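Colleague: Before I use this model, I would like to know what lies behind each label you attach to it. Could you take me through the reasoning?

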Amino acid sequence: MCSCSSSSSNMAGLRHADMQKYDRSSCWVCAVFLTLAARLIAQTDASDVLTVTDANWTLILQGEWMIKFYAPWCPACQHLQTDWESLGRQSESLGISVGRVDVTQQPGLSGRFLVTTLPTIFHAKDGNFRKYVSSRTIEDIQAYVEQKKWAMVEPVPGWKSPSSLLMSGMANLFRLSVCIRQIHTYLTNTLGIPSWGSYMIFAIITLFMGLMLGLMLVLIADCIWPSRPKHREDKTVVIVKEEVSEEEVEDILMEEKGTSDLDNESERVSGDESTEEEGAMSDGAAAGSDQPPSEGAAESSMRKRKPQAQNTTEGT
């Protein structure tokens, strides 16, 4: 009897232990199932909000969208997350698409949209973008879409549009800045280079790239507008000699001869006048001082004086 009672008590103890183990395992299974169900529900809710990246951002150029730019460390972005997921669940009824952009993972898009504050919300309609500046509650966002309040907001100008060439360049600059920051972090944290050494490396690289770019621009300009070959110009001194023609020489000689003839004639005339005056004086002395000179003598003296006066005027 004792043996049977002891064996039955042992069996009861084993069954009780098995039941406890089974209860514990069933509790763990239920907990795991509930966790998986919660994650599945969260993923289902989150699937209504599309994650926009550099690879698929062109999707927002078609249709109507509400896009949120956020960062995981931003408290205001975390406060808006629940309402944004709720908006994603209502996107089908509103006839819109809801997207989100993590600026820490997509710096190119933050530069393309010139995002300076977080969170930033944009409304897109067929490629026209408008910045949402109203209240961030789910009710106000729904009214903004349903009542088409976005139509009263001026869209972003063409040169500032995310699809413009200028904003594409801005996106590349933002990507470059992130790459430089990562390289600086690698140099200082991993390699142990001081900060000033990293700055010097970047300065040298910048100068070298500037020199290479300038050289390329000079070569391109030389190919498009080649410079003219420079020839050595011999300076020739031209000596101008005054050539006198034979006719001018003859004229000069004739003038010189004429002047010499006039001088000789004037000397001859003056000599004749002096001799005639002496003869007249001697005749007068012989005839007497009271008798006047004859008319012929006066005329001859006048004729002799006229050529002398003409010669003097020609000489002058």
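Modeller: Buried residues make up 21% of the 316 residues in the chain, and I should say at once that the model is a predicted one. The accessible surface of the chain comes to about 23,800 Å², and 60% of that area belongs to carbon and sulfur atoms.

Colleague: How many helices and strands does the chain have, and in what order do the elements run?

Modeller: There are nine helices and five strands, and from the N terminus on the elements run α-β-β-α-α-β-α-β-β-α-α-α-α-α. Among the contacts with a separation of 6 or more, 69% are between residues 24 or more positions apart.

Colleague: How do you know that the structure holds zero disulfides?

Modeller: A disulfide needs two cysteine sulfur atoms within 2.5 Å. The closest cysteine sulfur to that of Cys77 belongs to Cys74 and is 3.1 Å away, which is too far for a bond, so Cys77 is not counted in a disulfide. The structure as a whole holds zero disulfides.

Colleague: And why is Cys77 called buried, whereas Cys179 is called partly exposed?

Modeller: Buried means under 20% relative accessible area, exposed means over 50%, and partly exposed covers what is in between. Cys77 has a relative accessible area of 3%, which is under 20%, so Cys77 is buried. Cys179 has 40%, which falls between the two cut-offs, and therefore counts as partly exposed.

Colleague: What makes the pair Asp54 and Arg175 a salt bridge?

Modeller: The term requires a side-chain nitrogen of Lys or Arg within 4 Å of a carboxyl oxygen of Asp or Glu. For Asp54 and Arg175 the N to O distance is 3.6 Å, which is within 4 Å, so the pair qualifies. This pair links distant parts of the chain, with Asp54 in the loop between β1 (49-51) and β2 and Arg175 in helix α6, 121 residues apart. Asp54 is partly exposed at 27% relative accessible area, and Arg175 is likewise partly exposed, at 28%.

Colleague: How many salt bridges does the structure hold, and what do Glu64 and Lys125 tie together?

Modeller: The structure holds two salt bridges, and the side chains of Glu64 and Lys125 meet in one of them, at 3.9 Å from N to O. Because Glu64 lies in strand β2 and Lys125 in strand β4, this pair ties together parts that are 61 residues apart in sequence. Glu64 has a relative accessible area of 14%, which is under 20%, so Glu64 is buried. Lys125, at 28%, is partly exposed.

Colleague: Which residues have the most contacts inside the largest nonpolar core, and how many residues does that core have?

Modeller: The largest nonpolar core has 18 residues, and Ile60, Ile67, Phe69, Leu109 and Phe113 have the most contacts inside it. The elements that give two or more residues to this core are β2 (64-70) and β4 (120-125), and the largest share, four residues, comes from β2. Leaving aside neighbours within four places in sequence, Leu109 is in contact with Val52, Thr53, Asp54, Trp57, Phe69 and Val101. Apart from this core lies another, of 15 residues, among them Val49, Val98, Tyr132 and Val145.

Colleague: Why is His123 called buried, and which residues does His123 touch?

Modeller: The relative accessible area of His123 is 0%, which is under 20%, so His123 is buried. His123 is found in strand β4. Not counting residues up to four places away in sequence, His123 touches Glu64, Trp65, Met66, Asn128, Phe129, Arg130, Tyr144 and Trp150. The C-alpha atoms of His123 and Pro155, 32 residues apart along the chain, are separated by 9.4 Å.

Colleague: Where is Pro157 found, and is Pro157 buried or partly exposed?

Modeller: Pro157 is found in the loop between α5 (138-146) and α6 (165-190). At 37% relative accessibility, which is between 20% and 50%, Pro157 counts as partly exposed.

Colleague: Finally, what makes Leu219 eligible for the nonpolar patch on the surface?

Modeller: Patch residues must have over 30% relative accessible area. Leu219, found in helix α7 (residues 195-224), has 47% and therefore passes that cut-off, while counting as partly exposed. Leu219 forms the patch with Ile201, Ile205, Phe208, Met209, Met212 and Leu215, and together these residues have about 670 Å² of accessible area.

How values were computed. Residues numbered from 1 in each chain as written. Predicted model: local features only at pLDDT ≥ 70, side-chain atom pairs only at ≥ 80, totals over all residues. Heavy atoms only, no water. Buried < 20%, exposed > 50% of the residue type's maximum accessible area, 1.4 Å probe, protein only. Patch = residues over 30% accessible without salt bridge, like charges linked within 9 Å, V, L, I, M, F, W, Y side chains within 5 Å. Areas by Shrake-Rupley, 256 points an atom, 1.4 Å probe, with all protein chains shown as cover. Contact = heavy atoms within 4.5 Å. Core = buried A, V, L, I, M, F, W, Y, C linked by side-chain atoms within 4.5 Å.
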